[in-house]
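Dear colleague,

I am handing over the structure we spoke about, with the sequence alongside. Please look through the coordinates before reading the notes that follow.

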Amino acid sequence: MNGIYFDNNATTRVDPAVVEAMLPYFTEQFGNPSSMHSFGNKVGLAIKKARMQVQELLGAEHDSEVVFTSCGTESDSTALLSALRAQPERREIITTTVEHPAILTLCTHLEKEGYKVHLLSVDEKGRLDLEAYKKLLTEQVAVVSVMWANNETGTYFPVVEMAELAHACGAMFHTDAVQIAGKVPLNLKDTQIDMLSLSGHKLHAPKGIGVLYLKRGTRFRPLLRGGHQERGRRAGTENTASIVGLGKAAELALASMAFENTEIARLRDKLETSILAKVPRSFVTGDPSNRLPNTSNIAFEFIEGEAILLLLNKFGIAASSGSACTSGSLEPSHVMRAMGVPYTAAHGTVRFSLSRYSTEAEVDRVIQVVPEIIQQLRKLSPYWDGAGPVTDPEKVFAPTYA
Amino acid sequence: MWDYSDKVKDHFFQPRNAGVLKDANGVGEVGSISCGDALRLMLKVEPESGIILDAQFQTFGCGSAIASSSALTEIIKGKTLDEALLVSNQDIADYLDGLPPEKMHCSVMGREALQAAVANYRGEVWRDDHEEGALVCKCFAIDAVLIENTIRQNNLCTVQEVTNYTKAGGGCSSCHEGIEEILAEVMSERGETYKPGSLPKEAASPVGLSNLQRIRKIEAVLEAVRPQLRRDGGDIELMDVDGKTIYVNMTGACAGCQMEAMTLQGIQQKLMEELKEFIKIVPTKVSSLTRAMKG
């Protein structure tokens with residue numbers, strides 16, 4: 001399929017070199033790494049290599065700190081539930097209003113089970129208030145979970161500093177790093193982060209493989225008990241081909257990290273500034289000065305995101321939106337609402353996320369197409385009149401709530 | 001990606017009657033900007049005859065909201081106001097060859113805009129009579145508010161009862177956890193505790209139908225749709241019932257008809273509603289089977 005894929009925060013294409021590395025592990029290298037014979041032994045060695053490749057990507061001190069899981073969500077659940085089970089006397093959790101559902105839905109569930117969940121709010125640029133955070137840190141807190149970079153806006157959170165603060169009161173610290181891992185150098189051995197989640201398919205490895213980083217010495221209770229795989233920390237026969245693929249993907253990500261932070265960041269900036277210059281009443285959400293190099297989230301006022309995506313799709317362009325309609329829910333993105341983005345803009349947010357495969361020609365094409373699409377939809381909008389919004393839009397169009 | 005019909009896509013990509021109607025004499029504005037859908041419907045009504053001479057719309061919303069608005073204007077043009085008021089949200093959805101369950105509210109918004117515009121023309125005030133909640137049951141498109149209200153009004157206390165009253169949870173059953181949560185909440189309001197597995201106060205009749213009862217019900221549903229099929233020169237025959245699979249034979253003009261998959265889908269829906277369980281209707285002829293799967 002020839003299209004322009006600017007939705008790399010949703011998932012990425014598996015790198016051909018990753019596929020190549022994986023293929024033998026479906027056929028001749030099919031052995032179970034737990035077996036004594038040579039069929040198994042070679043696979044065991046391949047997993048060891050992959051573990052070291054991930055260790056290097058994360059800047060972890062030991063390769064045994066890398067636990068392979070099935071996905072980012074499993075890593076998140078394992079981390080939080082482990083922290084609660086390991087410290088039954090602590091009944092509180094601190095997280096943020098803008099986390100991924102993998103954390104938020106779990107926390108809502110834990111709240112029903114009697115845990116107290118504190119949600120840190122963000123300002124209009126999606127930034128946390130560290131003073132408010134410090135006030136919540138007590139000896140009741142079992143675990144703090146804060147994403148390293150937000151999936152919708154790309155905004156970074158100061159997790160290294162927050163982990164130190166958490167440790168000062170004896171709480172564990174977990175970070176959901178699925179968006180940042182592979183894009184920005186991480187040096188976990190120099191941090192106090194106890195646990196970290198990574199997802200393979202965000203960095204050109206296949207879907208169905210994830211990692212839980214577990215700093216040596218962190219008290220741990222497994223989610224899945226059974227065999228001795230992953231040193232008993234995650235039972236279940238290893239997804240060997242995908243583990244090998246993730247190892248290769250980690251190596252490639254490390255090698256292209258400089259490119260990601262210069263060339264891809266430049267393309268992203270070009271895309272963003274050109275669209276903003278051509279489309280009136282549009283703005284960037286999140287904190288543009290402190291975010292992932294590949295992500296741009298733009299709000300187009302007075303129109304709705306799903307309609308934008310359908311029209312983009314007609315031109316072969318793939319992106320995401322924070323509108324309610326794209327997810328089938330009744331509210332627009334919780335991230336946009338948390339930042340106080342008004343409804344008339346939150347529904348019209350579009351996230352463009354690039355990868356190392358993105359090209360200048362693709363960026364130019366999107367810059368050409370987007371303004372036309374926005375204009376086309378605004379012609380249909382009751383909030384828009386000719387070249388600009390109707391004066392006092394909220395009063396001119398005040399529908400009966402239905 | 002939503003599974004939109006070609007008709008929905010057509011009305012989204014080429015909306016009919018979009019834009020401001022300059023000399024409108026009936027305007028309805030409905031929707032909710034928090035939900036991301038809002039619609040202004042403008043009518044030009046001939047006062048003597050009450051006929052809608054022209055209708056245009058402006059919509060803030062997703063693909064199906066724009067398509068529903070476009071379809072609505074096409075349906076009502078040329079109708080009298082009284083005729084137009086008979087248009088249901090299902091008529092709008094049918095006109096578009098169906099909408100995904102999450103998107104049925106777009107057709108509801110269309111019908112409400114129509115009511116609001118007619119009220120405006122007649123100098124009346126239109127009030128919205130329902131509140132929309134989060135979608136709980138995807139098989140039957142039932143939202144949380146409807147479930148809550150039904151539990152409250154009828155003092156329901158089991159998932160089975162909720163299914164019997166609202167159909168919610170009667171299909172794939174994945175939403176039962178959600179229904180249990182709503183039950184627990186509403187029951188605690190009236191000072192009761194939700195206990196899973198407790199029996200309904202009145203024995204719910206559709207539970208545990210015998211095979212004979214089921215087949216009779218299936219036959220009755222097929223009998224009810226038969227006149228419609230015959231009118232189009234076709235027919236349907238019940239071949240076999242194997243657990244949750246119902247085998248039928250489409251005959252006459254129905255066999256090989258382009259619309260067969262859709263017809264079957266409609267019959268399947270009616271059967272599920274009647275039997276209050278999830279079933280699958282399968283045409284026995286190979287050619288129609290492949291078409292049904294594509295549909």
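**Contacts between domains 2 and 3 of chain B**

Where domain 2 of chain B meets domain 3 of chain B, 7 residues of domain 2 are in contact with 6 residues of domain 3. Please keep in mind throughout that this is a predicted model. The domain assignment divides chain B into domain 1 (6-121), domain 2 (135-189) and domain 3 (211-294). Between domain 2 of chain B and domain 3 of chain B about 490 Å² of area is buried, and carbon and sulfur atoms give 63% of that area. On the domain 2 side of chain B, the residues that lose the most area to domain 3 are Phe140(B), Lys167(B) and Gly170(B), which together account for 57% of what that side buries.

Lys167(B) also appears in the polar part of this contact, since the count between domain 2 and domain 3 of chain B is 1 salt bridge, and Lys167(B) forms a salt bridge with Glu273(B), with the closest N and O atoms 3.2 Å apart. The count of residue pairs in polar contact between these two domains of chain B, both residues being at pLDDT 80 or more, is 1. Sorted by class, the side of domain 2 of chain B that touches domain 3 has 3 nonpolar, 3 polar and 1 charged residues.

**Chain B as a whole**

Chain B has 11 helices and 8 strands, and its C-alpha trace spans about 60 × 60 × 35 Å along the principal axes. Of its 295 residues, 47% count as buried. Among the contacts in chain B between residues at least 6 apart in sequence, 57% join residues at least 24 apart.

One residue to inspect in domain 3 is Ile218(B), which is found in helix 9 (residues 211-231) of chain B. Ile218(B) counts as buried because its relative accessibility is 0%, which falls under the 20% cut-off. Leaving out residues up to four places away in sequence, Ile218(B) touches Leu238(B), Val241(B), Ile246(B), Leu271(B) and Leu275(B). Ile218(B) and Gly50(B), by way of a distance across the chain, are 168 residues apart in sequence and 44 Å apart in space, taken from C-alpha to C-alpha.

**Chain B against chain A**

The contact between the two chains takes 37 residues from chain B and 35 residues from chain A, and the area buried between them is about 3,100 Å², of which carbon and sulfur atoms give 64%. Phe13(B), Ile33(B) and Phe60(B) supply 19% of the area that chain B buries against chain A, which is more than any other three residues supply.

Across this interface of chain B and chain A the rule finds 2 salt bridges, and in a salt bridge between the chains the side chains of Lys112(A) and Glu181(B) meet at 3.1 Å, N to O. The rule also finds 8 residue pairs in polar contact across the interface of chain B and chain A, with both residues at pLDDT 80 or more. On the side of chain B that touches chain A, the elements that give two or more residues are helix 1 (6-13), strand 1 (26-32), strand 2 (37-46), strand 3 (51-60) and helix 2 (63-76) of chain B. The residues of that side of chain B divide into 17 nonpolar, 10 polar and 10 charged.

**The two domains of chain A**

For chain A the domain assignment gives domain 1 (16-255) and domain 2 (257-385), whose C-alpha centres lie 29 Å apart. Here 31 residues of domain 1 of chain A are in contact with 23 residues of domain 2 of chain A, and about 2,300 Å² is buried between the two domains, with carbon and sulfur atoms giving 57%. The rule finds 0 salt bridges across this interface of domain 1 and domain 2 of chain A, whereas the count of residue pairs in polar contact, both at pLDDT 80 or more, is 12. Helix 7 (residues 240-255) of chain A gives the most to the side of domain 1 that touches domain 2, with 4 residues.

With best regards

Terms used: Residues are numbered from 1 along each chain as its sequence is written. Chains are lettered from A and ligands numbered from 1 in the order in which they are written. This is a predicted model: local features need pLDDT of at least 70, side-chain atom pairs count only at pLDDT 80 or more; totals for chains, interfaces and linings use all residues. Side-chain values use heavy atoms; hydrogens and water are left out. Domain bounds come from an automatic or database domain assignment. Contact means heavy atoms within 4.5 Å. Buried area is the accessible area (1.4 Å probe) that two parts lose on being put together, summed over both. A salt bridge is a side-chain nitrogen of Lys or Arg within 4 Å of a carboxyl oxygen of Asp or Glu. A polar contact is a pair of N or O atoms within 3.5 Å; within protein, one must be able to donate a hydrogen and the other to accept it, and residues adjacent in sequence count only if both atoms are side-chain atoms. Ala, Val, Leu, Ile, Met, Phe, Trp, Tyr, Cys and Pro count as nonpolar, Asp, Glu, Lys and Arg as charged, and the others, Gly among them, as polar. Buried means under 20% relative accessible area, exposed over 50%, partly exposed in between (1.4 Å probe, protein chains only).
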